[in-house]
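Visitor: I should like to go through this structure by question and answer. Please give the reasoning before each result.

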Amino acid sequence: QVILVESGGGSGQAGGSLRLSCAGSGYTYRRAYMAWFRQAPGKEREGVAGANDERDVVYADSVGGRFTVRRDNANNAIDLDMNSLKPEDAAMYYCAARTRHPRWAGSKLLAGEFNHWGQGTQVTVSA
């Protein structure tokens, strides 16, 4: 059974930083493409950042230069460092895994390609 558990959400201030972490189990971590998505109320789920063991790293245009995704293969984890937070970064953040194929060739993360999801962690940003 694949399990993804997010942690690190909470409240941040505009211009500040937060770090999210996701620990995975129940699958071969190195053979999965891992990503972070977010969904704000009334909006579609958006791919934020993703990475695999082959350095196929993808960032949404809205977070490029501010967010950094890091894989921790030793702990089957993927972290998201969020810097220069903006109020529009507030959302529920989800960790996702695509275990069917470890590579990612596109420039945009597509939620339908991921077959496992965490429960989400809430991020709020105050102005």
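Visitor: Is R66 buried, partly exposed or exposed, and what is its relative accessible area?
Guide: The model is a predicted one. R66 is located in the loop that joins β6 (58–59) to β7 (67–72). Buried means a relative accessible area under 20%. R66 falls in that class because its relative accessible area is 10%.

Visitor: Which backbone oxygen lies 2.9 Å from a polar atom of the side chain of R66?
Guide: Beyond its neighbours within four places in sequence, R66 is in contact with D81, M82, N83, S84, L85, K86 and D89. One of these supplies a backbone oxygen at 2.9 Å from a polar atom of the R66 side chain, namely that of S84.

Visitor: What is the phi of S84, and where is this residue placed?
Guide: S84 belongs to the loop between β8 and β9, and it counts as partly exposed because its relative accessibility is 39%. Most residues other than glycine have a negative phi. S84 is a residue other than glycine with a positive phi, near 50 degrees.

Visitor: Which residue in the hairpin of β7 and β8 takes a positive phi?
Guide: β7 and β8 pair in the antiparallel sense over 6 bridges, and their hairpin has 4 residues between the strands. The residue in question lies in the loop between β7 and β8 and counts as partly exposed, at 25% relative accessibility. With a phi near 50 degrees, it is N76.

Visitor: Which residues of β7 form its covered face, and which its uncovered one?
Guide: Bridge partners in β8 can be given for two residues of the strand: T68 stands opposite D81, and R70 stands opposite D79. Both T68 and R70 belong to the uncovered face, together with D72. The covered face consists of F67, V69 and R71.

Visitor: How many of the residues of β8 are buried?
Guide: One side of β8 carries A77, D79 and D81, the other I78, L80 and M82, and both faces are covered. The strand is largely enclosed by the rest of the structure, because the number of its residues that are buried is 6 of 6.

Visitor: In β8, which residue is the bridge partner of L18?
Guide: β8 also pairs with β3, in the antiparallel sense and over 6 bridges. Within β8, the bridge partner of L18 is M82.

Visitor: Which strand gives the most residues to the largest nonpolar core?
Guide: The largest nonpolar core has 27 residues, and M34, W36, L80, M82 and Y93 have the most contacts inside it. At least two residues each come from β3 (18–25), β4 (33–39), β5 (46–51), β7, β8 (77–82), β9 (91–98) and β11 (121–126). The strand that gives the most, with 4 residues, is β9.

Visitor: How many residues does the second, separate core have?
Guide: In soluble globular proteins, nonpolar side chains tend to be buried together. The second core is separate from the one just described, and among its members are F37, V58, W104 and F114. Its number of residues is 8.

Visitor: Which residues form the aromatic cluster?
Guide: A search of the whole structure finds 7 aromatic pairs. One cluster is formed by Y33, F37, Y94, W104, F114 and W117.

Visitor: At what distances from the ring centres of Y94 and W117 does R45 lie?
Guide: The charged end of R45 sits over the ring of Y94, 3.9 Å from its centre. R45 also lies over the face of W117, where the distance to the ring centre is 4.7 Å.

Visitor: Which backbone oxygen lies 3.2 Å from a polar atom of the side chain of R98?
Guide: R98 is in strand β9 and counts as buried because its relative accessible area is 10%. Residues up to four places away in sequence aside, R98 touches R31, A32, Y33, R103, W104, E113, F114 and N115. The backbone oxygen 3.2 Å from a polar atom of its side chain is that of H101.

Visitor: What distance separates the C-alpha atoms of A111 and W36?
Guide: A111 is placed in the loop between β9 and β10 (116–117) and is partly exposed because its relative accessible area is 28%. Apart from neighbours within four places in sequence, A111 is in contact with F37 and W117. A111 and W36 are 75 residues apart along the chain, and their C-alpha atoms are separated by 9.8 Å.

Methods
Residues numbered from 1 in each chain as written. Predicted model: local features only at pLDDT ≥ 70, side-chain atom pairs only at ≥ 80, totals over all residues. Heavy atoms only, no water. Buried < 20%, exposed > 50% of the residue type's maximum accessible area, 1.4 Å probe, protein only. Polar contact = N/O pair within 3.5 Å; in protein donor to acceptor, adjacent residues only side chain to side chain. Contact = heavy atoms within 4.5 Å. Core = buried A, V, L, I, M, F, W, Y, C linked by side-chain atoms within 4.5 Å. Phe/Tyr/Trp six-rings, centres within 6.5 Å; stacked < 30°, edge-to-face > 60°. Lys NZ or Arg CZ within 6 Å of the ring centre and 35° of its normal. Pairing = 2+ DSSP bridges.
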